[in-house]
Amino acid sequence: MCYTKSDDEKSLNNNRFFILEVGGDNMMNYTQKLKHYPDVLSADQAAEILGISIKTLYKTIKAKELHAVKIGREYRIVKTKLIEMLLS
C-alpha cells in the first residue's frame, strides 16, 4: 500500500511555509525599525521599545517571558531576544 498526502496535508504544508516567510519579513521589519538601538539594550531602552513601564518590564523578566542578563545591578537584554518575544 502506498501512502500519499491528502489535499489537507498539502495545504497545511504550504501554509507552514507561508507563515515562516511572513515571520522572516516581520523579523526584518523589527530589525529595520530598531537599527538605531544598540545590540544589547538597557532595561530603560527595552521598556521604551515595548511601550511599557520599567516596573512591567521587570515583571516580564521575572516571569521569564523575556530573557535578560543581570550585570551588577542592571539588566541587559539582547535586541534579537526582544524581537523574538515580539514575534511570539
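Start by selecting strand 1, residues 40-42, together with strand 3, residues 74-78: the two run antiparallel and are joined by three bridges. Keep in mind that this is a predicted model. To see one pairing up close, pick Leu41 and look across to strand 3, where Ile77 stands opposite.

Now keep strand 3 on screen and add strand 2, residues 69-71. This pair is antiparallel too, again with three bridges. Click on Lys70 and then on Tyr75, its bridge partner in strand 3. While you're here, have a look at the turn: two residues sit between strand 2 and strand 3 in this hairpin, and Gly72 has a positive phi near 65°.

Next stop, helix 2, which covers residues 43-50. Which of its residues are buried? Color Ala43, Ala46 and Ala47, and you have them. Sight down the axis and you'll find that these three span an arc of only 100°, so they lie on the same side of helix 2.

What do those buried residues pack against? Show strand 1, helix 3 (54-62), strand 3 and helix 4 (79-87), and you'll have the partners in view. That brings you back to strand 1 and strand 3, the antiparallel pair from the start of the tour.

Now spin helix 2 around to the face turned away from its buried side. Select Asp44 and Glu48 there: both are exposed.

Finish by stepping just past the end of helix 2 to Gly51, another stop for checking the backbone. Its phi is positive, at about 70°.

Notes: Residues are numbered from 1 along each chain as its sequence is written. This is a predicted model: local features need pLDDT of at least 70, side-chain atom pairs count only at pLDDT 80 or more; totals for chains, interfaces and linings use all residues. Side-chain values use heavy atoms; hydrogens and water are left out. Two strands pair if DSSP finds at least two bridges between them. Helices (H or I, at least four residues) and strands (E, at least two) are DSSP runs, numbered from the N terminus. Buried means under 20% relative accessible area, exposed over 50%, partly exposed in between (1.4 Å probe, protein chains only). The arc is that of the directions from the helix axis to the C-beta atoms. Contact means heavy atoms within 4.5 Å.
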